[in-house]
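Here is a friendly walk through a model, one question at a time. Have the viewer open and follow along.

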Amino acid sequence: MGQMSFYSADALPRAVTDLEGVLCAGGGMSLFGRGTAARLTIVLGSPPPPPESEEEPADEDEAPAPDDVPVPVVRAPSVPDPTPEPRTWEEGVDEIYDDDLPVRDDGPPPDPEPAPTHREGRIEPLRPLEGSPHAGVGAQDPETEWRAHALCCAFRGRGVPAEVDRLPDGRPVVRSAFRADLLPLAEHWHTDPKHAPDPLRLDGPRLRLWVLAAGRWAGRAYTLGLDPLAPTTHEPLLTACQRAGLGATLAGDSDDPVVRIVGRARQRRLAELVGGRPRHLHDGVWPD
């Protein structure tokens with residue numbers, strides 16, 4: 001086994017700045033009021049396809065019923081909509097295998113969470129799954145659900161409380177509380193519109209969060225998902241990956257852009273940087 005990299009997630013203590021990896025993957029920041037606090041939010045999973053129309057085209061050869069002949073109407077018995085079972089998320093489980101890793105001190109303790117009268121971000125307000133016409137869609141993807149749980153634990157492991165909400169189409173949304181210690185991230189990434197900082201240094205902890213949010217295997221290549229709503233971030237992130245020794249290229253399309261990493265040496269480099277595998281790992285997610 002080679003020597004552990006100084007920039008590996010296993011060699012560096014956890015810090016709030018690690019959450020930049022979530023912004024690489026498509027996360028967004030929203031500000032409270034005049035910029036006294038910020039919130040980090042990421043939507044996981046792809047939007048479901050639009051529902052197919054249930055109306056069948058009329059048969060042109062079918063003769064219309066005469067006006068004087070009554071047409072019987074058969075009504076299907078009404079069936080109450082099933083009530084989705086409430087989902088619970090396991091509390092206090094860290095996504096990192098070592099619960100005793102220290103947390104870096106990035107400054108004074110955060111201010112209490114402000115009142116909910118805030119300037120809305122790009123995906124807010126969020127609505128719960130219950131009562132949605134797409135109820136149950138997001139809950140059917142175990143990989144997306146695993147990512148939501150792992151990210152929620154990763155946020156908490158860095159001293160940032162987070163919760164899992166739902167969009168109307170069922171996709172899980174991981175979001176933090178409004179916190180003063182997240183303001184540097186919002187300022188660093190130029191929230192409105194979103195731009196990646198230049199230069200951006202990608203160390204192991206940041207890459208680990210990026211993998212948790214949007215890393216996956218695509219054949220023999222390993223890919224890291226990018227933000228389709230912020231195309232100006234793609235080139236800076238590609239450059240940052242290349243500086244980290246990953247030799248990446250841009251791939252995918254406008255709806256699913258990715259950074260593509262090919263070659264066993266480069267993939268082993270990524271695996272070394274992101275550190276040990278988290279508990280309850282989903283298949284096809286972690287680099288090796």
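Q: How many helices and strands does the protein chain have?
A: This is a predicted model, and its elements can be followed from the N terminus on. They run α-β-β-α-β-β-α-α-β-β-α-β-β-α. The secondary structure comes to six helices and eight strands.

Q: What share of the residues in the protein chain is buried?
A: A residue counts as buried when its relative accessible area is under 20%. The protein chain has 288 residues, and the buried ones make up 43%.

Q: What is the strand order in the open sheet of four strands?
A: The pairing in this sheet is antiparallel. β5 (215-218) and β7 (249-252) each have a single partner strand, so they stand at the edges and one side of each is left without a neighbour in the sheet. Neighbouring strands are turned by 40° against each other on average, direction ignored. The order is β5-β6-β8-β7.

Q: Which residue in β8 is the bridge partner of T223?
A: Strand β6 covers residues 221-225 and strand β8 covers residues 257-261. The two pair in the antiparallel sense over four bridges. In β8, the partner of T223 is R260.

Q: What angle does the direction of helix α4 make with that of β6?
A: Helix α4 spans residues 204-214 and packs on the sheet. The helix touches β5, β6 and β8. Its direction and that of β6 make an angle of about 90°.

Q: Which residue of β2 stands opposite F32?
A: Strand β1 (residues 28-32) is joined to β2 by five bridges, and the two run antiparallel. Their hairpin has four residues between the strands, and G33 takes a positive phi near 55° there. Opposite F32 in β2 stands A37.

Q: Which residue of β4 stands opposite V43?
A: β2 is also joined to β4, by three bridges, and these strands run antiparallel. Six of the seven residues of strand β2 (residues 37-43) are buried, so this strand is largely enclosed by the rest of the structure. In β4, the residue opposite V43 is V173.

Q: How far apart in sequence are R158 and D18, which meet in a salt bridge?
A: The side chains of R158 and D18 meet at 3.0 Å, N to O, and both residues are buried. R158 is in the loop between α2 (142-157) and β3 (162-166), whereas D18 is in the segment before α1 (20-24). The pair thus links distant parts of the chain, 140 residues apart.

Q: Which residue forms a salt bridge with D165?
A: D165 is in strand β3 and is buried, with a relative accessible area of 15%. Its partner lies in strand β4 (residues 172-176), so the pair ties together parts that are ten residues apart in sequence. That partner is buried too, at 14%, and the closest N and O atoms are 3.1 Å apart. The residue is R175.

Q: Are D288 and R264, which form a salt bridge, buried or partly exposed?
A: The closest N and O atoms of D288 and R264 are 3.9 Å apart, and the cut-off for a salt bridge is 4 Å. D288 lies in the segment after α6 (264-274) and R264 in helix α6, so the pair ties together parts that are 24 residues apart in sequence. The relative accessible area of D288 is 39%, and that of R264 is 42%. D288 is partly exposed, and R264 also counts as partly exposed.

Q: Which residues do salt bridges that share partners join into one network?
A: The structure holds 15 salt bridges. Those that share partners make one network of E20, R201, D203 and R206.

Q: How many residues does the largest nonpolar core have?
A: In soluble globular proteins, nonpolar side chains tend to be buried together. Among the residues with the most contacts inside the largest core here are L19, F155 and W210. Not counting residues up to four places away in sequence, W210 touches several residues, including C24, L224, L237 and V259. The number of residues in this core is 54.

Methods. Residues numbered from 1 in each chain as written. Predicted model: local features only at pLDDT ≥ 70, side-chain atom pairs only at ≥ 80, totals over all residues. Heavy atoms only, no water. Pairing = 2+ DSSP bridges. Axes fitted to C-alpha atoms, helices over the stretch in contact; angles between N-to-C directions. Contact = heavy atoms within 4.5 Å. Buried < 20%, exposed > 50% of the residue type's maximum accessible area, 1.4 Å probe, protein only. Core = buried A, V, L, I, M, F, W, Y, C linked by side-chain atoms within 4.5 Å.
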